[in-house]
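Here's a quick tour of one model, written for someone who likes cut-offs spelled out. Grab a viewer and follow along.

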Amino acid sequence: MSQDLLSQIYNAFDPFQPLDAEKDQDLYVDFQKARGNAKIERDLGRKIERSQNKPLAQLYAGHRGTGKSTELLRLKKYLEERKCHVVYFAADEGDIDPEDAQYTDILIACTRHLLENLKQADRRIFLPWLEARWQDLIDLALTEIKFDDLKLEIGAKATNNVSELFAKLSTSIRAIPSERQKIRDKLNAHTVTLLQTLQAFIADAKRKLPDGKEQLVVIVDNLDRVVPIRREDGRTNHEEIFIDRAEQLRGLGCHVIYTIPISIAYSRANDLANLYDREPSVLPITSINTPDGKPYEEGRQELQDLIAKRVHRHASEAKLFPDVFESEAVLLRLCEMSGGHVRDLLRLVRTAFDYIDELPLTKEAVDLAITGTRDTYRRSVEDEKEWKVLAQVSRDNILSGEAVIYRKLLFSRCILQYAFLGANEDGEADLLIWYDVHPLIRGIQQFESALKNLPA
C-alpha cells in the first residue's frame, strides 16, 4: 500500500470533522439502537414540523465528540426538505471562545449569522440601535478593532456595513481576549434592546423566506464545548447562560436549537425542562455493553462498520484484517477501549497510525495509542475524592452524591452516559439510563486503588 493511500486513510479518521449530510452519506452509521433509540429527526425535527409556526426553543446535549454535529447537519437537511429555512453555525469556529463565554457573545453571534444568511430581510432595522450605541463602538475603535472604515449612513448604503460590523464584533470577542471584556462592558447593558431589534429583523425575515419555505430554524452548535467556570457563589457560567438567560435564548421569535454541555443537562434537567419547550434531548454514548455488563455485539459491530466505511472509501479492495489491522482482535480492542465514544475511537485509530511506517496497524501500535490517550484521562482527575467517585460509578453504574464532582467528570468524559432500549418484566419497552467510567480510566493505578478500597 502506497504512502499516499496510507495518508488518505489516516485523514479519513479526522476526529474533529463532522460528516456532511450530503457528501459523507457513505460514511454515516446509524447508531440509533445502540444509543437508546435516540433519533434526532423524531426527537427534535418532528416537533418543529408539527409546531404550526409556534416558535420552539430546544436543547440538545451529549458528551463532546459523540456525533452531535453530524446529527445536527442531518437534521438541517431533514428540515430543509420539509419547507424550513435553516441557519446553522458552529459557535466556536468564529464567534465564541469556549474557555470564556457569556450570553452576550451568543447573542452577538446569532445576530451576525442571521444578518449574513437572511439577505432578503431589511437590515436597516438595526440602524437605530447602532446609532444609539455608536459612541460606545467608536470608543472600542481605540483597540485593534477597526470601526473607522464603518461610517454608517442612514439609508440603503448602510445595510452592508451592519452585517460587517456585527461580524467584526463577534470575531473580536473570540479572537482578542484582551478586548473581550471591553466589548461586553459596552454592550451588556443593551442586550435587551438588541434582542428586541433582532426579533423585529427575524419577524421581517419570516415574511420574506425563500420560495417554498414556511418556517425559520436557527441551530447553534458547539455550545456544549463551553468550559464550566465556578463562581464564588457556587454557581457556574453554564447556569448563568442556559438558566438565567433562558428567556432571552428562547426569545428570538423563531425555532432555535442550542447544544448544551451534558453536565448541566444532568444536574439541572428539571429546571431546563421548565424553562424551555421540553427537557433536553440527550445523545448517549454508543453502547458496547448491556446494562448488566455483557458485551453488546450490535453496538460493537456498528463501531467496526464506522471504521470499515472510512477505510473502504479510499481502499475499496482492502480487507480490514490483515490489510489494515493485523488481526480482528486489534480492531476489537480499539472499539472496546473507546467506550463507544466516536471521537475517541477515531482519535485512537489515528494515533495508532503515528506508530507505524506501513500498514497493517499492529497490536504494539494500538497499545501505544491507548497508553498515550489513557494518560490524558489520568491528568483530567485532580484528587483522591474524584478517584473514589469514579470507582463508585464503575461498581454501581449510577450517579449519587455530590453533583459538583459528577458535573466535572461528565464534562471531561471520565464518566460516560449510556442508554439502552430494553424491556421490563412485563415485556413493555423500557429505556434504561446508566453510567460507567471511560474504559481508559481502568488500568490507571489511582483508579484501581480506589476501587480496591471501596467499602462493601
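Let's begin at a proline: P360 sits in the loop between α16 and α17 (363-378). Helices here are DSSP runs of H or I with at least four residues, strands are runs of E with at least two, and both are numbered from the N terminus. The peptide bond leading from L359 into P360 is cis, with omega near 10°. Another cis bond joins F321 to P322, where omega is about 20°, and P322 belongs to helix α14 (residues 320-324).

Some housekeeping. This is a predicted model, so local features need pLDDT of at least 70 and side-chain atom pairs count only at pLDDT 80 or more, while totals for chains, interfaces and linings use all residues. Residues are numbered from 1 along each chain as its sequence is written, and side-chain values use heavy atoms, with hydrogens and water left out.

**Positive phi**

Q52 isn't a glycine, yet its phi is positive, near 55°. Find Q52 in the loop between α2 (40-49) and β1 (57-62). Is Q52 buried or exposed? With a relative accessibility of 76%, Q52 counts as exposed; the cut-offs are under 20% relative accessible area for buried, over 50% for exposed and partly exposed in between, using a 1.4 Å probe and protein chains only. K83 is also a non-glycine residue with positive phi, about 65°. K83 falls in the loop between α3 (68-80) and β2, and at 44% relative accessibility K83 is partly exposed.

**Around strand β3**

How many of the residues of strand β3 (residues 215-221) are buried? Seven of the seven, so β3 is largely enclosed by the rest of the structure. Q215, V217, I219 and D221 point one way from β3, while L216, V218 and V220 point the other way.

Strand pairing needs at least two DSSP bridges between the strands. Strand β2 (residues 84-90) runs parallel to β3, joined by seven bridges, and A90 has D221 as its bridge partner in β3. Strand β4 (residues 255-260) is parallel to β3 too, with four bridges; here V220 stands opposite Y258.

Just before the strand, G212 is in the loop between α8 (191-206) and β3. At 52% relative accessibility, G212 counts as exposed. Its C-alpha is 9.3 Å from that of H85, although G212 and H85 are 127 residues apart along the chain.

**Nonpolar cores**

A nonpolar core is a set of buried Ala, Val, Leu, Ile, Met, Phe, Trp, Tyr and Cys residues joined through side-chain atoms within 4.5 Å. The largest one has 60 residues, and I307, F325, L390, I415 and I441 touch the most other members. Helix α16 (residues 342-353) gives the most to this core, contributing seven residues. Setting aside neighbours within four places in sequence, I441 is in contact (heavy atoms within 4.5 Å) with Y377, W387, L390, C414 and F447. There is also a second, separate core of 57 residues, with L114, L187, I243 and I264 among its members.

**Rings and charges**

Phe, Tyr and Trp rings (the six-membered one for Trp) pair if their centres lie within 6.5 Å; planes under 30 degrees apart are stacked, over 60 edge-to-face and the rest tilted. That gives nine aromatic pairs, including the two tabulated here.

| Pair | Centre distance | Plane angle | Type |
|---|---|---|---|
| F126 and F166 | 5.5 Å | 65° | edge-to-face |
| Y418 and W434 | 5.3 Å | 20° | stacked |

The F126 and F166 pair links distant parts of the chain, 40 residues apart: F126 is in the loop between α4 (103-117) and α5 (127-140), and F166 is in helix α6 (residues 159-175). Both rings' residues, F126 and F166, are buried. Ring pairs also link F126, W129, F166 and F201 into a cluster.

As for the stacked pair, Y418 lies in strand β6 (residues 415-423) and W434 in strand β7 (residues 429-437), so the pair ties together parts 16 residues apart in sequence. Y418 is buried at 5% relative accessibility, and W434 is buried at 7%.

A charge sits over a ring if NZ of Lys or CZ of Arg is within 6 Å of the ring centre and within 35 degrees of the ring normal. The charged end of R64 does this over F411, 4.3 Å from the ring centre, and that of R82 over Y78, 3.7 Å from the centre.

**Cysteines**

How many disulfides are there? Zero, where a disulfide is a pair of cysteine sulfur atoms within 2.5 Å. C335 is buried with a relative accessible area of 1%, and C414 is buried with 0%.
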